[in-house]
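Open the model in your viewer and keep the selection tool ready. This tour goes stop by stop, and each stop says what to select and what is there.

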Amino acid sequence: MTDQHKRRRRRRVHRRPPKKDHRKLRNGLLITLGCLVACYLVFVFSPIPIVAKWREIYIETAMTTNSHKWLATMFIPHSIIDEVMSQRQAQEADQKKLESTWDDNAEPVQTPEVKQEDTEKKEFFDKYWELNSDSFKEYLSANSYLLADGYDNLDIDNLDHSAKILTTEGDEILAVDAANNTILIGVKGDGYVGKLAIVKDIDQVSVKTSRHIGSYGETAGVYAKRYDAEVVINASAFRDVGGHGSGGTIRGACVLDGAEIGTPENRFWKFAGIKNDGRMYISNYYTTDISDYRWGLEFYPALIVDGKNVVDGTFGMGIQPRTAIGQSESGDFMMLIVDGRQVGYSLGCTVSDCEGILARYHAYQATNLDGGSSAIMCYKGKQITKPSSVSSLGRFLPNALVVEKKR
């Protein structure tokens, strides 16, 4: 045998892996596969409460998206999916019975007591009770130049989180614009990050529609620029076939100045809007006299009606980016956006989480609006939330809730 033949033979022998390595690889693959199968079976079929809870949330989250239902249907038997989603039907039936009455005999909400000090300061903290915290007062004391034009013109921008100032409820104060009756609060919870705008003058809040309604919508930033708005959030749902809708066609009722411009659902969706008396009412659209409304929107579910929590758990909607609105007995209007679908930043929250945030700031009426990849907020022309849409600028919206500056 020549040297060349010997070298070729040695190379062939060297390439041939030992049988022992084959067995190790095969056994490793079998163990891994067995662990995956065991985890799958536990996740899908286990009655353990904590496992069942997160299985339901996973199914609800997948099944309430437009384009990601396959994340549930591909891996989980339809019988289990149907069982989870059927639990929502009873809650939908309860929602149909809900109607706001504004019981004026109810006891007023107690706000933190303010010490008798100079009139301007007292009136400020009476109006902005949320700011009556030690940390905020200490911040003003250390930055007295902010009060050069008085409390009525106080303007604080803490969007960079440079100052640790908190509300009376322990949430971060992000901005105060007293001249425009608005404060901005950062909210956080288990797995979510959001922004809550509270507007002290309901007359500044209205619904604005796209200039191209019927064809396509416009981004929140466009609405903010056109109206030189204090705050803008998304409003109505829209036709979104395959998750690629242009935002041109409103889904659900949308009332402006007593006239309908949307497409009412008339199912278990709830109608919510501001009547001519400046109060927010929640009702069923088909029993509502819309001529009484300045504006109104339709979505689901209602969260708080006449001061009572009317939603329990996830409402079969899982964890998602959220949009919600509410109003306190004193007339403060609340606009909440929670970011989601972003691992490591914010996954989203349940509708009950939204209820809890709004109740914390004394919402007397509150409802969930269309969220998902549409959820977005702009403040003074700047986008301050992180939408989960493909575009960082958010979806094209058929309309938006706009807080205009005080005229």
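Start with the surface view. The accessible surface of the protein chain comes to about 20200 Å². Carbon and sulfur atoms hold 52% of that surface. Keep in mind that this is a predicted model.

Now switch to a cartoon view. The protein chain has nine helices and 21 strands. Of its 407 residues, 50% are buried. Take contacts between residues at least 6 apart in sequence: 65% of them join residues at least 24 apart.

**Stop 1: strand S21**

Select residues 399-403, which form strand S21. How many of its five residues are buried? The count is five of five, so S21 is mostly covered. Show the side chains. Asn399, Leu401 and Val403 point one way from S21. Ala400 and Val402 point the other way. Such alternation between the two faces of the sheet is what a regular strand shows.

Next, add the partners of S21. Select residues 205-209 for strand S5, which runs antiparallel to S21 and is joined to S21 by five bridges. Look for Ser206, which stands opposite Val402. Then select residues 231-234 for strand S6. Four bridges join S6 to S21, again in the antiparallel sense. Here Ile233 stands opposite Leu401.

**Stop 2: a sheet of five strands**

Select S10, S9, S13, S11 and S12. In that order they make an open sheet with antiparallel pairing. Which strands lie at the edges? They are S10 (259-260) and S12 (280-283), and each pairs on one side only. Strands of a sheet pair through backbone hydrogen bonds.

Step through the sheet from S10. Two bridges pair S10 with S9 in the antiparallel sense. Leu256 has Ala259 in S10 as its bridge partner. Go on to S9 (residues 254-256), which pairs with S13 over three antiparallel bridges. Leu256 appears again here, standing opposite Trp295 in S13.

Now select S13 itself, residues 293-299. Six of its seven residues are buried. Then add S11, residues 270-275. Six bridges join S11 to S13, and the two run antiparallel. Find Phe271, which stands opposite Glu298 in S13.

**Stop 3: Lys195**

Select Lys195, in strand S4 (residues 192-199). Is Lys195 buried or exposed? Lys195 is buried, yet has no salt bridge. Its nearest side chain of opposite charge is Asp339, 5.1 Å away. A salt bridge needs a nitrogen and a carboxyl oxygen within 4 Å, so this pair does not count.

What does the side chain of Lys195 reach instead? Display the backbone of Ile384: its oxygen is at 3.3 Å from the Lys195 side chain. Then show the surroundings. Leaving aside neighbours within four places in sequence, Lys195 is in contact with residues including Leu174, Ile185, Val187, Met335 and Leu336. Ile337, Met377, Ile384 and Thr385 are also among its contacts.

**Stop 4: salt bridges**

The model has 19 salt bridges. Select Asp332 and Lys200, whose side chains meet in one of them at 2.8 Å, N to O. Asp332 lies in the loop between S16 (322-328) and S17 (333-338), and Lys200 in the loop between S4 and S5, so the pair ties together parts that are 132 residues apart in sequence. Both partners are buried: Asp332 has a relative accessible area of 7%, and Lys200 has 13%.

Now pick Lys97 and Asp94, which meet in a salt bridge at 3.9 Å, N to O. Lys97 is exposed, at 66% relative accessibility. Asp94 is partly exposed, at 44%.

Move to Glu404 and Arg407. Their closest N and O atoms are 3.6 Å apart in a salt bridge. Arg407 is exposed, at 71% relative accessibility. Then select Arg239, Arg251, Glu265 and Arg267, which salt bridges with shared partners join into one network.

**Stop 5: helix H9**

Finish at residues 351-360, helix H9. Colour its buried residues: Val351, Ser352, Cys354, Glu355, Ile357 and Leu358. In an α-helix, residues three or four places apart point the same way, because there are 3.6 residues a turn. Last, select His362, which follows H9 and has a positive phi near 70°.

Terms used:
Residues are numbered from 1 along each chain as its sequence is written. This is a predicted model: local features need pLDDT of at least 70, side-chain atom pairs count only at pLDDT 80 or more; totals for chains, interfaces and linings use all residues. Side-chain values use heavy atoms; hydrogens and water are left out. Buried means under 20% relative accessible area, exposed over 50%, partly exposed in between (1.4 Å probe, protein chains only). Lys and Arg count as positive and Asp and Glu as negative; His and the chain ends are not counted. A polar contact is a pair of N or O atoms within 3.5 Å; within protein, one must be able to donate a hydrogen and the other to accept it, and residues adjacent in sequence count only if both atoms are side-chain atoms. Contact means heavy atoms within 4.5 Å. Accessible areas come from the Shrake-Rupley method with a 1.4 Å probe; for residues, only the protein chains shown count as cover. Two strands pair if DSSP finds at least two bridges between them.
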